[in-house]
Amino acid sequence: MSFLPEIQQIENKIQELGASARSEILAYSELGNLKFPIHKVSFGSLDPQAPVLGFVGGVHGLERIGAQVCLALMNSLAELAAWDKGLQRTLQDIRIFFIPTVNPVGIYRKTRCNPHGVDLMRNAPVEADAPQPWIGGHRFSRKLPWYRGELGADMEIESHALVQAVQKEISQSRLALTLDIHSGFGLQDQLWFPYAKTVQPFPDLHHAFSLKQLLDRTYPYHFYRFEPQAKNYTTHGDLWDYLYDQTPRSQSEQIYLPLCLEMGSWLWVKKNPLQIFKAEGPFNPLIGHRHKRTLRRHNTLMEFLIRAVSSPESWISASSEVQAQHRLAAQELWYGGV
Ligand SMILES: [Zn+2]
């Protein structure tokens, strides 16, 4: 039986939590003798319409630190939920879920792709609106990175498990926000919102803008660059584009905002250039103190998102006039006033 410390930690935590959280095995990811479960752990309200906040990690196996940050956030939330009356009250109204290891075989084998050579973040049935370079997803060979999977094939087990689990959590929710944690791009921690498939603005642009405003006002010294993913690069097959487009948005009754945290791993390499020669080097903080610092670095972001989801009136305006103003300001900020 193969051993993955992150899975062991999740299973220990599930045991420890007992009835105070809900857990589920979404699927098993397998390759030869390797077989690992994909766990989901949920806290809080069972009301299907309750606001939802989800944290996801380990979609790209090589970006192991994403799974570890997700797990660290889950552990802190579990501890707080045991004693913090404020959070206990909040959890009566909202639901928080964690899927820390979407691609456990990839984590074990230190590969970006899943056991079948597929890049899960290129695997959804979504076509970019312009031709893409290799990095944007291709169908040439599973031996090359950024492979999307065969044309017309079902989504991979891991992608499918993630999509189904998120849809189940958010399908009737009034407000849902997810944070998928990655590393490997840029010198700065970035928060990306849709789309990945196009440089055109997505329908909820005004909400993304007002969330950014709230973050800037509440934590003016925060270190995140908050912008559309497509400002950095576009891709085919993005799972969050797919989930976003699949979510019903009838008369704006339901709001879903998928965010990706792209941790600026080039900084870790800059500070420790020799780590570039290790497979995991470009994507993970390998030195002890830097690793610990990364694990605690996003606690404030989690707290902020919990508060934003439980107090939506603080940033989601029902006024169509205010929404139009936000949309205009967002277009000026991110799209050159288009
Ligand atoms: Zn990634």
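# Close-up views of a predicted model

**View 1. Leu46 and its surroundings.** Leu46 is found in the loop that runs between β2 (34-44) and β3 (52-57). The structure shown here and in the other views is a predicted model. With a relative accessible area of 66%, Leu46 is exposed, because the cut-off for that word is over 50%. Leaving out residues up to four places away in sequence, Leu46 touches Arg22 and Arg95. Leu46 and Arg95 are 49 residues apart along the sequence, and their C-alpha atoms are 7.2 Å apart in space.

**View 2. The nonpolar cores, with Phe55 as an example.** The largest nonpolar core has 86 residues, and those touching the most other members are Phe43, Phe55 and Phe98. Helix α2 (residues 64-83) is the element that gives the most to this core, with 9 residues. Which residues is Phe55 in contact with, once its neighbours within four places in sequence are left aside? They are Cys70, Leu73, Ile96, Phe97, Phe98, Ile99, Leu179, Met302 and Leu305. A second core, separate from this one, has 7 residues, including Leu4, Phe36, Ala67 and Val105. In soluble globular proteins, nonpolar side chains tend to be buried together.

**View 3. The aromatic pair of Trp192 and Tyr233.** The whole structure holds 15 aromatic pairs. In one of them, Trp192 and Tyr233 meet edge-to-face, with 5.6 Å from centre to centre and 85° between the planes. Trp192 belongs to strand β6 and Tyr233 to the loop between β7 (225-228) and α7, so the pair ties together parts that are 41 residues apart in sequence. Trp192 and Tyr233 are both buried.

**View 4. The aromatic pair of Phe193 and Trp334.** The ring centres of Phe193 and Trp334 are 4.8 Å apart and the planes lie at 65°, so this pair is edge-to-face. Phe193 is in strand β6 and Trp334 is in helix α11 (residues 320-334), so the pair links parts of the chain that are 141 residues apart. Are these two residues buried or exposed? Phe193 is buried because its relative accessible area is 1%, and the limit for buried is under 20%. Trp334 has a relative accessible area of 6% and is buried too. Ring pairs also join Phe193 and Trp334 to Tyr195, Phe202, Phe209, Phe226 and Tyr244 in a cluster.

**View 5. The largest cavity.** The count of cavities of 30 Å³ or more comes to 1. The largest cavity holds about 70 Å³ of space. Its lining is made up of Trp192, Phe193, Pro194, Tyr195, Ala196, Gln229, Asp238, Trp240, Asp241, Pro258, Leu259 and Cys260. Two or more lining residues come from each of β6 (190-193), α7 (239-246) and β8 (255-263). Strand β8 gives the largest share of this lining, 3 residues. By class, the lining of the largest cavity has 9 nonpolar residues, 1 polar residue and 2 charged residues.

**View 6. The largest pocket.** About 280 Å³ of space lies in the largest pocket. The pocket is lined by 20 residues, and the closest to its centre are Glu63, Arg112, Arg122, Tyr233 and Glu262. Tyr233 is also the partner of Trp192 in the edge-to-face pair of View 3. Strands β5 (175-183) and β8 are the elements that give two or more residues to the lining of this pocket. The lining of the largest pocket divides into 9 nonpolar, 6 polar and 5 charged residues.

Definitions and conventions. Residues are numbered from 1 along each chain as its sequence is written. This is a predicted model: local features need pLDDT of at least 70, side-chain atom pairs count only at pLDDT 80 or more; totals for chains, interfaces and linings use all residues. Side-chain values use heavy atoms; hydrogens and water are left out. On a 1 Å grid over the protein atoms alone, a cavity is a set of points where a 1.4 Å probe fits but cannot get out, and a pocket is an open set with protein on both sides within 12 Å along at least five of seven lines; lining residues have an atom within 4 Å of a point. Grid points are joined across faces, edges and corners, and a volume is the space filled by probe spheres set on the points. Helices (H or I, at least four residues) and strands (E, at least two) are DSSP runs, numbered from the N terminus. Ala, Val, Leu, Ile, Met, Phe, Trp, Tyr, Cys and Pro count as nonpolar, Asp, Glu, Lys and Arg as charged, and the others, Gly among them, as polar. A nonpolar core is a set of buried Ala, Val, Leu, Ile, Met, Phe, Trp, Tyr and Cys residues joined through side-chain atoms within 4.5 Å. Buried means under 20% relative accessible area, exposed over 50%, partly exposed in between (1.4 Å probe, protein chains only). Contact means heavy atoms within 4.5 Å. Rings of Phe, Tyr and Trp (its six-membered ring) pair if their centres lie within 6.5 Å; planes under 30 degrees apart count as stacked, over 60 as edge-to-face and the rest as tilted.
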